[in-house]
Amino acid sequence: MTEVETRPDEQTPYERIGGGSAVSAVVDAFYQRVVADPQLAPYFSEVDMAQLKRHQAQLISHLLDGPVSYEGRELGEAHAGLGITDADYGRVVGHLVSVLVEAGVPEDILASLGGTLEAVQPDIVSRTS
Ligand code: HEM
């Protein structure tokens with residue numbers, strides 16, 4: 001008898017969370033919270049949100065080993081001169097992590113994304129709070 005086996009180890013994190021539609025849903029919910037946060041909203045008032053969401057979805061997909069390339073700028077270049085503080089950074093990461101947790105993203109994937117977010121903090125923060 002043939003059995004269908006599920007082998008989670010052979011799936012990429014991107015596939016495990018539900019692929020492109022799951023990433024888009026997370027990114028939409030994330031920026032909804034970011035622009036609804038009065039401390040963060042001013043940073044985004046002049047930003048092309050459709051392009052930002054597209055680039056953020058590409059970046060997250062790429063970090064999850066999805067079949068997508070990132071077409072945005074280097075993170076240091078994209079955030080240069082915005083005067084982002086550690087506190088702002090913490091709030092943005094908090095919104096992203098909440099959305100990922102609420103979407104049911106598994107612990108191991110959260111931990112690995114969390115490590116990447118920590119590693120890019122110095123590229124994004126340019127002002128002390
Ligand atoms: C938590 C880690 C973060 C990641 C992974 C991230 C990622 C990105 C990406 C991929 C882009 C698009 C770059 C492009 O289109 O070339 C971007 C742009 C932007 N980010 Fe972030 N970001 C982070 C934190 C923050 C924080 C803390 C703020 C402000 C509070 C912020 C504000 C912005 C703004 C305003 C833009 C648009 C800049 C422009 O179009 O000129 N980001 N970010």
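**The iron site and the helical fold around it**

His79, through its NE2 atom at 2.0 Å, is the only protein donor of the iron atom of the ligand. Donors are N, O and S atoms within 2.8 Å of the metal (3.2 Å for Na, K and Ca), and because water is not among the atoms, sites may look incomplete. The structure is a predicted model, in which local features need pLDDT of at least 70 and side-chain atom pairs count only at pLDDT 80 or more, whereas totals for chains, interfaces and linings use all residues. Residues are numbered from 1 along each chain as its sequence is written, and side-chain values use heavy atoms, with hydrogens and water left out.

The secondary structure of the protein consists of six helices and zero strands. Helices (H or I, at least four residues) and strands (E, at least two) are DSSP runs, numbered from the N terminus. Along the sequence, the pattern reads α-α-α-α-α-α. Taken along the principal axes, the box filled by the C-alpha atoms of the protein is roughly 65 × 25 × 25 Å. Of the 129 residues in the protein, 29% are buried; buried denotes under 20% relative accessible area, exposed over 50%, and partly exposed the range in between (1.4 Å probe, protein chains only).

The ligand occupies the largest pocket. On a 1 Å grid over the protein atoms alone, a pocket is an open set of points with protein on both sides within 12 Å along at least five of seven lines, while a cavity is a set of points where a 1.4 Å probe fits but cannot get out; lining residues have an atom within 4 Å of a point. A molecule sits in either if more than half of its atoms lie within 2 Å of its grid points. Two or more residues of the shell around the ligand are given by each of helix H3 (49–63), H4, helix H5 (86–102) and helix H6 (107–124).

The shell divides into 16 nonpolar, four polar and two charged residues. In this classification, Ala, Val, Leu, Ile, Met, Phe, Trp, Tyr, Cys and Pro count as nonpolar, Asp, Glu, Lys and Arg as charged, and the others, Gly among them, as polar. Of the 22 residues around the ligand, those that come nearest are Leu52, His55, Gln56, Arg73 and His79; a residue is near a molecule or strand if one of its heavy atoms lies within 4 Å of it.

The iron donor His79 belongs to helix H4 (residues 75–79), and a polar atom of the His79 side chain is 2.8 Å from a nitrogen atom of the ligand. A polar contact is a pair of N or O atoms within 3.5 Å; within protein, one must be able to donate a hydrogen and the other to accept it, and residues adjacent in sequence count only if both atoms are side-chain atoms. Oxygen atoms of the ligand also take part in such pairs: one lies 2.6 Å from a polar side-chain atom of His55, and a polar backbone atom of Arg73 is 2.8 Å from a ligand oxygen.

Helix H3 also contains Ser61, which is buried at a relative accessible area of 4%. A polar atom of the Ser61 side chain lies 2.7 Å from the backbone oxygen of Ala57. Leu59, likewise placed in helix H3, is buried at 16% relative accessibility. Between Leu59 and Tyr70, eleven residues apart in sequence, the C-alpha to C-alpha distance is 5.2 Å. In the loop between H3 and H4, Asp65 has a phi near 65°, a positive value in a residue other than glycine. Asp65 is exposed, with 51% relative accessible area.
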